[in-house]
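Open the model in a viewer and keep the selection panel at hand. The stops below go from one side chain to its surroundings, then on to the open and enclosed spaces and the core.

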Amino acid sequence: MTEYRITDLATVLPGAQPASQIQGPVDVTVVLTAVDPDDRLLSLVEDVSAAGMKCLVVDDASTSGEQVFHAVSQIPGVRVLHLPTNEGVGGSLKTAIAYLAAEDSQGTPAVITAYAARGHTVGMIERVRDALLRNPGCLVIGARDVRALPGRHRVGNLLTRQLTKMLYGIEVADTQSSLRGFALAKPAELLRLRGEGYDYSMSMLLESGDLFEDVVEVPIDVAREASLDSGHYRVVRDSASVYRILLRHFPKFMAASLFSYAIDYVLFSVLLLVCGLWVVWAAVGARVVSASANYGINRSLVFGGQGSRYTPLRFFALAAVILLLNALFMFLLVDMAGLPALLVKVLVDLGLYFVNFAVQTNLAKA
């Protein structure tokens with residue numbers, strides 16, 4: 001039995017010297033975070049312990065459930081961390097990562113995140129553990145059959161899955177599964193990820209290309225997993241935080257576009273009115289300069305200089321394709337279909353703007 005208060009961690013974390021890569025076998029610990037738990041937590045911890053797996057329970061500032069945590073702490077080999085303030089799903093998991101990374105371990109520490117309140121079972125955990133042992137450098141996700149989820153969660157998962165694929169080139173069956181396994185080969189990077197709630201899992205998935213060798217999914221029985229613990233999942237707030245992570249580049253992308261447009265307009269005016277250039281040459285010259293500025297701003301400030309595929313050649317090729325598509329849609333919808341040109345112009349430009357954002361994000365994060 002080991003039970004800690006958060007003050008105990010202050011003497012542990014500063015001394016952590018994490019390995020920069022996987023060294024030796026992975027040393028797996030099941031991490032269970034909980035708020036105001038019921039007997040489901042105790043039952044799952046007993047099952048995990050009986051299966052011979054180590055277990056770390058994080059009490060995320062619960063206001064009830066003291067008897068459950070006390071009973072859990074009596075199980076041999078189980079450790080309990082008590083947080084003084086509610087850190088959220090992501091924040092409490094970061095605490096567990098920091099704690100485990102600071103421990104002396106025979107090999108590289110690894111975690112499996114699971115939640116009793118969502119119906120995870122020891123059988124599901126063992127499937128993720130076995131896949132992690134076979135693929136120690138990968139992020140292993142316990143993937144549900146999304147088609148069997150309740151309507152609200154099915155639609156949400158479908159949307160995040162499509163956005164993850166379109167914007168980041170990451171294709172997984174279940175973007176929102178909370179049952180995951182991964183080695184702590186890069187604990188500092190894991191702790192720096194954005195998000196303190198459910199958005200932390202999305203951050204980990206989006207940065208999986210830098211953190212892990214690959215993403216591996218193993219099927220789990222959706223019929224036995226609750227969709228989300230309705231008592232702690234705030235639909236609007238938590239969903240918004242997930243989409244904020246997914247679309248985190250968009251505000252800067254829009255600002256860069258507006259700034260580049262200002263450059264284009266001012267330079268066009270100067271070339272036309274001051275230098276006396278022909279209107280076509282003034283437009284072309286202004287557009288070349290503003291587009292070059294837009295590329296530089298996007299690469300360095302919007303996307304942080306990432307992505308070997310985000311080259312000037314691809315940027316200007318994309319701009320050419322967007323221009324051709326714009327002309328094509330205007331011809332088809334206005335000249336051929338007879339729709340009002342001013343309305344079509346707005347709709348086509350908006351649609352292609354989001355296509356442009358999606359492709360550039362994919363190139364920059366690849």
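Select N294 to begin: this residue is buried, at 11% relative accessibility. Buried means under 20% relative accessible area, exposed means over 50%, and partly exposed is in between, with a 1.4 Å probe and protein chains only. The model is a predicted one, in which local features need pLDDT of at least 70 and side-chain atom pairs count only at pLDDT 80 or more, while totals for chains, interfaces and linings use all residues. Residues are numbered from 1 along each chain as its sequence is written, and side-chain values use heavy atoms, with hydrogens and water left out.

N294 sits in helix α12; helices (H or I, at least four residues) and strands (E, at least two) are DSSP runs numbered from the N terminus. Now show what surrounds N294. Leaving aside neighbours within four places in sequence, its contacts (heavy atoms within 4.5 Å) are A256, S257, S260 and F315.

Move to F315, which is buried at 7% relative accessible area. The whole structure holds 14 aromatic pairs. Rings of Phe, Tyr and Trp (its six-membered ring) pair if their centres lie within 6.5 Å; planes under 30 degrees apart count as stacked, over 60 as edge-to-face and the rest as tilted. F315 pairs edge-to-face with F316, at 5.3 Å centre to centre and 85° between the planes. F316 is partly exposed, at 35% relative accessibility. Add Y353 and F354: their ring centres are 6.2 Å apart and their planes are at 80°, so this pair is edge-to-face as well. Y353 is partly exposed at 23%, and F354 is partly exposed at 45%. To see the wider cluster linked by ring pairs, select F250, F253, Y295, F303, Y310, F315, F316, Y353, F354 and F357.

Keep Y353 selected and turn to the largest pocket, where Y353 is among the lining residues that lie nearest the centre, together with R287, A319, I322 and N356. On a 1 Å grid over the protein atoms alone, a pocket is an open set of points with protein on both sides within 12 Å along at least five of seven lines, a cavity is a set of points where a 1.4 Å probe fits but cannot get out, and lining residues have an atom within 4 Å of a point. The pocket has about 1,100 Å³ of space, a volume being the space filled by probe spheres set on the points, which are joined across faces, edges and corners. Its lining has 26 residues. Two or more of them come from each of α11 (250-274), α12 (279-302), α13 (312-336) and α14 (341-365), and α13 gives the most, with 8.

Next, the enclosed space. One cavity of 30 Å³ or more is found in the whole structure, with about 50 Å³ of space. Select its lining: L93, T113, Y115, S177, S178, R180, F182, Y200, S201 and M204. β7 (180-183) and α8 (199-206) each give two or more residues, and α8 gives the most, with 3.

Last stop: the largest nonpolar core, a set of buried Ala, Val, Leu, Ile, Met, Phe, Trp, Tyr and Cys residues joined through side-chain atoms within 4.5 Å. Of its 48 residues, V31, L139, F182, L190, M204 and L205 touch the most other members. Another core lies apart from it, with 34 residues, including V26, L44, F69 and A183.
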